[in-house]
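Trainee: Could you go through this model with me, one question at a time? I'd like to see the reasoning behind each answer.

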Amino acid sequence: MVITTLRRIPEAVINDPEMMSALIKPMRADVEILETYRPEAPVRLACPTTLLGGEDDPVVRPDLLERWASHVHAFVPVLLPGGHFYFRKSLPVLIDLVVSTLRPVLRAMPR
């Protein structure tokens, strides 16, 4: 798992001791969660959910987003151009999506 994770990190980052020092703890935590987390019971969110993913993500393939259907009341899968770090290429689209999704919720909130 760690080797797979390292392959996705740019070589410039791997060769930068300061950058790797900042990343190593979060990477270890990610690996620990992946290896040890087991949910106690199925959880189903009662709110509509937007699931975001990269069209070309080799880690979280678009078909894996469909697995969320059993955990949420209603969901909208949105695939954005790019891989696992799709947000780098799609940041303006992502921001517009978040704003357009939250705007009606914020308007409905009491002031």
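Trainee: How many salt bridges does a search of the whole structure find?

Mentor: Quick background before the count: this is a predicted model, so local features need pLDDT of at least 70 and side-chain atom pairs count only at pLDDT 80 or more, while totals for chains, interfaces and linings use all residues. Residues are numbered from 1 along each chain as its sequence is written, and side-chain values use heavy atoms, with hydrogens and water left out. A salt bridge here is a side-chain nitrogen of Lys or Arg within 4 Å of a carboxyl oxygen of Asp or Glu. Searching the whole structure on that basis, the number of salt bridges found is one.

Trainee: Which side chains meet in that salt bridge?

Mentor: Side chains of opposite charge can pair when their charged atoms come close. In this model the N to O distance is 3.3 Å. The two partners are Arg61 and Asp63.

Trainee: Is Asp63 buried or partly exposed?

Mentor: The classes go by relative accessible area: buried is under 20%, exposed is over 50%, and partly exposed is in between (1.4 Å probe, protein chains only). Its partner Arg61 has 39% relative accessibility, so Arg61 is put down as partly exposed. Asp63 has a relative accessible area of 47%, so the class for Asp63 is partly exposed.

Trainee: On to the rings. What is the angle between the planes of Phe85 and Phe87?

Mentor: A pair of aromatic rings is described by the distance of the centres and the angle of the planes. Rings of Phe, Tyr and Trp (its six-membered ring) pair if their centres lie within 6.5 Å; planes under 30 degrees apart are stacked, over 60 edge-to-face, and the rest tilted. The structure holds two aromatic pairs. Phe85 and Phe87 form an edge-to-face one, 6.0 Å centre to centre, and the angle between the planes is 85°.

Trainee: Which residue forms an aromatic pair with Phe87 at 5.9 Å centre to centre?

Mentor: This pair is edge-to-face, with 80° between the planes. Ring pairs link Phe85, Tyr86 and Phe87 into a cluster. The partner at 5.9 Å is Tyr86.

Trainee: Why does Tyr86 count as buried?

Mentor: Take the other two rings of the cluster to begin with: Phe85 has 37% relative accessibility and is therefore partly exposed. Phe87, with 36%, is partly exposed as well. Tyr86 is classed as buried because its relative accessible area is 12%.

Trainee: What is the area of the nonpolar surface patch that includes Phe85 and Phe87?

Mentor: Patch residues have over 30% relative accessible area and no salt bridge; like charges are joined within 9 Å, and nonpolar side chains (Val, Leu, Ile, Met, Phe, Trp, Tyr) within 5 Å. Accessible areas come from the Shrake-Rupley method with a 1.4 Å probe, and for residues only the protein chains shown count as cover. Leu91, Ile95 and Val99 belong to this patch along with Phe85 and Phe87. Its area is about 410 Å².

Trainee: Where is Phe85 found?

Mentor: Helices (H or I, at least four residues) and strands (E, at least two) are DSSP runs, numbered from the N terminus. Phe85 sits between two of these elements, β2 (72-80) and α5 (87-108). Its place is the loop between them.

Trainee: What is the relative accessibility of Gly54?

Mentor: Gly54 lies in strand β1. Contact means heavy atoms within 4.5 Å, and residues touching Gly54 include Pro62, Leu79 and Tyr86, with residues up to four places away in sequence not counted. Gly54 counts as buried because its relative accessibility is 0%.

Trainee: Which backbone oxygen lies 3.1 Å from a polar atom of the side chain of Thr49?

Mentor: Thr49 is in strand β1 (residues 45-54), and its relative accessible area of 15% makes Thr49 buried. Not counting residues up to four places away in sequence, Thr49 touches Val72, Ala74, Phe75 and Val76. The backbone oxygen at 3.1 Å is that of Cys47.

Methods
Polar contact = N/O pair within 3.5 Å; in protein donor to acceptor, adjacent residues only side chain to side chain.
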